[in-house]
Amino acid sequence: MNLRGTLGLLLVAVGLGAYVWFVEIRGEQERQAAEKAEKRLLEISADTVQSLELVTSDGGPARAVRDGDGWRLETPVAYPANPASIDGALAALAEFDFAARIERPDESLEAFGLGEKAQPVVLKLSDGNSIRISLGGKTPVGGMRYVALERESEFIYTVPEQVTGPLTPTLFSLRDKRILDFDSDAVTAMRVSANGSLVAAAERVLEGETPGSWHLSAPIEDRASMSQITRLLVDLSLASATGFVDEPESESSYGLDRPDIEVDIVEPERTRHLELAKSGDETYMRVAGRPLVFRIPQSLLQNIPVDLFSFRDHQVLELAEKEIRQVQIEFPREQKSFRFERVKNDWLPLDSEVRLKPLKIDDLVYSIESLEATEVVDGAPKLAVLGLDPPRVRVRLGDDAGEEFGWLELGDPAPNVGLPARSSRRPKIWRVNSDLGREVPLGFEAFENLFVEPSEDVEEDEAEATPVAPDTGS
């Protein structure tokens, strides 16, 4: 085939491809778009809607108006609106496509549910115009619903019933469920009381070495548990109502005459006072200055600690984001010490020939990094009585140059009390879970049993001592 013939075939192929794209594919897309546009009942943009009126599935009318960047209910109750419900209704209207168009009969529209029982939906737009829609009854078959437009006097339409679902919400779904609207990072102080007695009061540290941390101011002065306070504030900021009591009866009806828990949240410009109580099978919350009472999940009440220790800092050793490369395990009572260094993924001895079992040092480091106390021993306890002078074991953690990040000492375990512990973090005696002894050996013998691989001589002796089962000839 010559060059001219090849070019000719190429031009034919290009032309055919262009025809398929522009005529068949793109043309079909345009035809489908045009058909869809012909089926569209409304041409609206959600941004232009200033108010929405509809009938809830509870049977009453509701009206929501745009309020800045959000929405607010005006009827049947003045309350912030749930933006998801409003957006869902507007999105449904923006894609209101009809399945069939029927000429309006001269007689009554009651047969279509478009008479007195019709459910109106009214939109008011930013240009001052209004759109009114009537939702009628269900079609006998096909899962459709009759719809009529006020501006359209010649036809009624059928639309898929599922499309109209967002236009008949419950009043509860239209209300914003968020009880509080605050930034937990902006809170400067908080106070928790249980059954009328103070549990803990804490203030955020704004200056010094640890800005952003929390300090207990009552009933004792101490570091506060940042994780506990942060979790509590986040839980309260995300709290959602499971119901609303708009016209509360007496406080005793909800247990709020004697609340189980009270919380004060202090922000730079205001203080919020919360009261939570359980009454019967329901749990309630009241926010000072607001007339209604909220029903809340029982878990919200249960997750608020009512003991001081939960609010105290109980992280035994602070090693977050430290890259630990060296570990030294000391047994002061036996006067023995072992040092290990991480080389790639293995821990190798620095001054002994100890062969370690796999992952034992990794488990030890992880257990110390995540260690939290179960109790703080206040006062001036005698270290010798607790087995901390000298300790059973001391673990030092550092970098590859030998610079120490911190140390942990463990004493004598006590039944149902746990292990006494000290650390380099601050001069305090802790109690930790006795299970830590499974990861941190409490003596040289435990170290040999838990961490050290048996020597080859021991393995050979054990092999020789193992009886051999007789050959049964089977």
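Me: Before I look at the second largest pocket, what is a pocket here, and how is its volume defined?

Reply: A pocket is an open set of grid points with protein on both sides within 12 Å along at least five of seven lines, and its volume is the space filled by probe spheres set on those points. As a general idea, rolling a probe the size of a water molecule over the atoms shows where empty space is left. In this predicted model, the second largest pocket holds about 290 Å³ of space.

Me: Which residues lie nearest the centre of the second largest pocket?

Reply: Pro 80, Asp 176, Arg 178, Asp 181 and Arg 290 do, out of 16 lining residues. Strand 3 (70-75) and strand 4 (79-80) each give two or more residues to that lining, and the largest share, three residues, comes from strand 3. By class, the lining has seven nonpolar, one polar and eight charged residues.

Me: And what is the volume of the largest pocket?

Reply: That one is about 500 Å³. Its lining has 20 residues, with Ser 213, Arg 223, Asp 313, Glu 318 and Arg 425 nearest the centre. Strand 12 (214-218) and helix 4 (226-237) each supply at least two of the lining residues. The lining divides into six nonpolar, eight polar and six charged residues.

Me: Let's turn to the packing. How many residues does the largest nonpolar core have?

Reply: The count is 36, and those with the most contacts inside the core include Ile 179, Val 192 and Leu 236. Helix 4 gives the most to this core, with four residues. A second, separate core has 35 residues, among them Ile 324, Val 365, Ala 421 and Leu 436.

Notes. Residues numbered from 1 in each chain as written. Predicted model: local features only at pLDDT ≥ 70, side-chain atom pairs only at ≥ 80, totals over all residues. Heavy atoms only, no water. 1 Å grid on protein atoms, 1.4 Å probe; cavity = no way out; pocket = protein on both sides within 12 Å on 5 of 7 lines; lining within 4 Å. Nonpolar A, V, L, I, M, F, W, Y, C, P; charged D, E, K, R; others polar. Core = buried A, V, L, I, M, F, W, Y, C linked by side-chain atoms within 4.5 Å. Buried < 20%, exposed > 50% of the residue type's maximum accessible area, 1.4 Å probe, protein only.
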